[in-house]
Amino acid sequence: YPLCALAVSDERPVSTQSTWGFLGIYFTDNESVQSREFTRTLTKFYRECKLNEQSYGFDVVLAPCMDNDQGFRDTVAEIPFFTLPLRSEACEELKLLFEIYEEDRLVILRAETGELITANGRDGVELDPTRSRFPWQKAAVNFMTQDTFSAVSATPCCIILADGDDVDQSKFHKIFDALHPSGEQVAKNTRKNVRFGSLEFLVDNGDSGHTRFCEILWTLRKRRTLS
């Protein structure tokens with residue numbers, strides 16, 4: 001990975017051969033309300049991690065996706081972590097490497113080796129703010145979220161949709177248990193440092209916002225098949 005090009009905002013070089021255990025690369029343009037909100041959430045997470053975690057290190061590098069200098073300067077003024085230069089070749093290479101097709105993605109690597117741990121770090125920051133499962137190794141079966149939903153357009157998926165708002169949560173544990181052996185087998189046959197496997201297993205508990213979208217897709221497919 002081209003991590004040797006990382007730099008802090010005043011362009012001093014940063015070596016990845018440090019005491020860090022994990023390195024997050026944050027791709028964002030920080031323009032929308034959702035983007036700015038997650039930037040604040042990540043900043044809080046980062047600071048709490050620095051203050052409270054002794055067993056491992058965690059640092060973050062901004063991979064700026066802004067289309068103007070002012071937006072970049074405003075973002076750098078707000079964040080406490082490192083950044084790549086705006087419009088840098090390294091940033092573009094990282095986008096290609098991690099298949100960044102949408103903004104607000106947090107990719108987490110093992111700092112010493114560059115091994116990809118998860119391409120869905122945003123879910124971890126938002127769903128596990130106390131870091132109980134950090135660094136969130138990619139699971140064999142995942143809940144449908146903004147990040148994992150990207151798999152739908154990238155690879156074959158097995159998706160279990162909730163049939164209502166009041167679904168017994170214990171049912172989801174049974175679904176996960178049933179899918180887990182197959183998910184583990186796919187994971188074993190998936191090469192390292194790829195975002196998605198040859199088949200992804202997703203469970204939607206009805207509140208991801210994507211349930212209706214998937215239902216519409218399947219309805220259209222059925223109509224096409226019948227015609």
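**Entry 1. Arginine 110**

I began with arginine 110 and found it in strand S4, residues 105–110. I was working on a predicted model throughout. I then asked whether arginine 110 is buried or exposed. With a relative accessible area of 28%, arginine 110 is partly exposed, because that value falls between the 20% limit for buried and the 50% limit for exposed.

I listed the contacts of arginine 110, leaving out residues up to four places away in sequence: Gly21, Phe22, Glu115, Ile117 and Gln137. I also took a C-alpha to C-alpha distance from arginine 110 to proline 135, which came to 9.2 Å, with the two positions 25 residues apart in sequence.

**Entry 2. The loop between H4 and S6**

Proline 135 led me to the loop between helix H4 (121–127) and strand S6 (141–143). I checked the peptide bond before proline 135 and found that phenylalanine 134 and proline 135 are joined in cis, with omega at about 15°.

I next looked up which residues of this loop have a positive phi. Arginine 131, in the loop between H4 and S6, has phi near 65° and is not glycine. Tryptophan 136 is placed in the loop between H4 and S6 as well, and its phi is likewise near 65°. I noted these entries because most residues other than glycine have a negative phi, and most peptide bonds are trans.

I then checked accessibility at the two positions. Arginine 131 counts as buried because its relative accessibility is 12%, which is under the 20% limit. Tryptophan 136 counts as buried at 9%.

**Entry 3. Strand S1**

I turned to strand S1, residues 22–28, and asked how many of its residues are buried. I found 7 of the 7 buried, so the strand is largely enclosed by the rest of the structure. I sorted these residues by face: Phe22, Gly24, Tyr26 and Thr28 lie on one side, and Leu23, Ile25 and Phe27 lie on the other. Both faces of S1 are thus recorded as covered. The sorting follows the general pattern that side chains in a regular strand alternate between the two faces of the sheet.

I looked up the pairing of S1 next. S1 runs parallel to strand S2 (residues 58–64), and 7 bridges join them. One of the bridge pairs links threonine 28 with proline 64 in S2. S1 runs antiparallel to S4, with 6 bridges; here isoleucine 25 has valine 107 of S4 as its bridge partner.

**Entry 4. The sheet**

I traced the strand order and obtained S3-S2-S1-S4-S5, an open sheet of 5 strands with mixed pairing. I noted strand S3 (82–83) and strand S5 (116–118) as the edge strands, each of which pairs on one side only. S5 is antiparallel to S4 and joined to S4 by 2 bridges. In this pairing, isoleucine 108 has threonine 118 of S5 as its bridge partner.

**Entry 5. Helices H1 and H2**

I examined the connection between S1 and S2. Helix H1, residues 33–52, forms a right-handed β-α-β unit with S1 and S2. I found H1 lying across S1, S2 and S4, and its direction makes an angle of about 155° with S2.

For H2, I asked which residues are buried and recorded Phe72, Thr75 and Val76. Viewed down the axis of H2, its buried residues fall within an arc of 100°, so they line one face of the helix. Among the elements that cover the buried residues of H2, I noted S2 and S3.

**Entry 6. Nonpolar cores**

I closed with the nonpolar cores. The largest holds 23 residues, and Leu42, Phe58 and Phe134 have the most contacts inside it. S1, H1, S2, helix H2 (69–78) and S4 each give two or more residues to this core, and H1 gives the most, with 5 residues.

I looked up the contacts of phenylalanine 58, again leaving out residues up to four places away in sequence; among them are Phe22, Leu23, Phe45, Cys49 and Phe134. I also recorded a second, separate core of 17 residues, including Ala90, Cys91, Ile100 and Val107. Beside these entries I wrote the general remark that nonpolar side chains tend to be buried together in soluble globular proteins.

Conventions: Residues numbered from 1 in each chain as written. Predicted model: local features only at pLDDT ≥ 70, side-chain atom pairs only at ≥ 80, totals over all residues. Heavy atoms only, no water. Helix = DSSP H or I, 4+ residues; strand = E, 2+ residues; numbered from the N terminus. Buried < 20%, exposed > 50% of the residue type's maximum accessible area, 1.4 Å probe, protein only. Contact = heavy atoms within 4.5 Å. Pairing = 2+ DSSP bridges. Right-handed = clockwise from strand over helix to strand, strands pointing away. Core = buried A, V, L, I, M, F, W, Y, C linked by side-chain atoms within 4.5 Å. Axes fitted to C-alpha atoms, helices over the stretch in contact; angles between N-to-C directions. Arc of directions from axis to C-beta.
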